[in-house]
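Reader: I'm new to reading protein structures and would love a close look at one part. Could you take me through the sheet and what lies around it?

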Amino acid sequence: MKKSIGHEKIKTAVFISGKGSNLKNLIKFSKLKHYPFSVDLIISNTNKAKGLKYSKEYKIEKKIINYDKKIKNDKKILKFLKKKKIKLICLAGFMKILSNNFIKKFEGKIINIHPSLLPKYKGLNTHVRAIKSGDKFAGCTVHYVTSKLDSGKIILQKKIKISRKDNRYSLSKKVLKKEHLIYPAAIKKILN
Ligand code: GRF
C-alpha cells in the first residue's frame with residue numbers, strides 16, 4: 001500500500017449503499033491534519049442511499065453505479081478511479097459484492113468495515129446472530145477485502161460487551177459508535 005508522503009493525502013473513494021454514518025465520520029477525520037487521507041469520491045449502487053447527501057454537504061463528487069451490469073461496469077469504474085487518482089477504497093455499508101477482477105486490480109487497497117468480531121458472523125444480520133448465540137461480546141472489524149467474503153486480513157478490531165438488555169437495535173447503535181472510532185484509525189494504521 002502506498003504510504004502518504006509528507007502532507008500529501010491519499011485520495012480515497014468511499015463506497016456506500018445506505019445512511020452513510022461511516023462515510024460522514026471518515027470525511028470529518030480526513031479533514032484533520034494528522035489523518036493521511038482525503039475523501040475525494042463517493043460511490044453508491046443506488047441513488048436512494050441517504051449518505052449521498054454528504055456529497056453536497058461536503059462538496060465531494062458522487063457517482064451512482066449500477067452493479068447489475070457487473071463486468072461491463074468494472075472497466076468503466078476502474079478507468080474513472082484511475083482518472084481521479086484514487087489510491088484507496090473504503091467500503092462503508094456497501095451492499096454489493098465487488099467482482100474478482102475489480103478486487104485484483106485494486107489488490108491490497110480495498111478495505112471494509114464489518115459489524116462483528118470477524119471471523120465470527122461473516123455476511124448479514126450479525127447482531128441478531130450474536131444475540132441468538134448468547135455471545136458475551138460483539139464488535140466490529142476493519143479488514144482488507146479479498147475475493148472471499150469478509151475474510152481478508154484484519155487491520156483493527158474493537159470488542160464491546162453485550163448486555164442482557166440488548167436487542168439488535170441497541171447493539172447496532174453501540175457497535176456503530178465503535179466503528180466510527182476504528183475506521184479512521186485503521187486507515188491511519190495502514191497509511192502511516
Ligand atoms: C455499518 O454497521 C457497517 O459496519 C455495515 O453497514 C453499516 C453501515 O452504516 N457494513 P452506515 O451506512 O455507515 O451508517
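Author: Happy to! Keep in mind that this is a predicted model. Here 7 strands form an open sheet, and their order across it is 3-2-1-4-5-6-7, with mixed pairing. Strand 3 (61–64) and strand 7 (154–161) are the edge strands; each has a single partner strand, so one side of each has no neighbour in the sheet. From one strand to the next, the twist averages 20°.

Let's follow the edge at strand 7. Its pairing with strand 6 (residues 137–144) is antiparallel and runs over 7 bridges. To find a spot to look at, pick out G139, which stands opposite K159 in strand 7.

Now for the helices that lie across the strands. Helix 6 (residues 168–191) lies across strand 1, strand 2, strand 4, strand 5, strand 6 and strand 7, and runs at about 155° to strand 7. Helix 1 (residues 21–30) lies across strand 1 (10–16), strand 2 (37–44), strand 4 (88–91) and strand 5 (110–114), at about 160° to strand 2.

Both helices also help to line the largest pocket, where helix 1, helix 4 (100–105), strand 5, helix 5 (126–132) and helix 6 each supply at least two residues. Helix 6 gives the largest share of that lining, 6 residues. The pocket has a volume of about 1,100 Å³. It is lined by 41 residues, and G93, F94, M95, P115 and L124 are the closest to its centre. By character, the lining divides into 17 nonpolar, 17 polar and 7 charged residues.

Terms used
Residues are numbered from 1 along each chain as its sequence is written. This is a predicted model: local features need pLDDT of at least 70, side-chain atom pairs count only at pLDDT 80 or more; totals for chains, interfaces and linings use all residues. Side-chain values use heavy atoms; hydrogens and water are left out. Two strands pair if DSSP finds at least two bridges between them. Helices (H or I, at least four residues) and strands (E, at least two) are DSSP runs, numbered from the N terminus. Axes are lines fitted to C-alpha atoms, for helices over the stretch in contact, and angles run from 0 to 180 degrees between N-to-C directions. Contact means heavy atoms within 4.5 Å. On a 1 Å grid over the protein atoms alone, a cavity is a set of points where a 1.4 Å probe fits but cannot get out, and a pocket is an open set with protein on both sides within 12 Å along at least five of seven lines; lining residues have an atom within 4 Å of a point. Grid points are joined across faces, edges and corners, and a volume is the space filled by probe spheres set on the points. Ala, Val, Leu, Ile, Met, Phe, Trp, Tyr, Cys and Pro count as nonpolar, Asp, Glu, Lys and Arg as charged, and the others, Gly among them, as polar.
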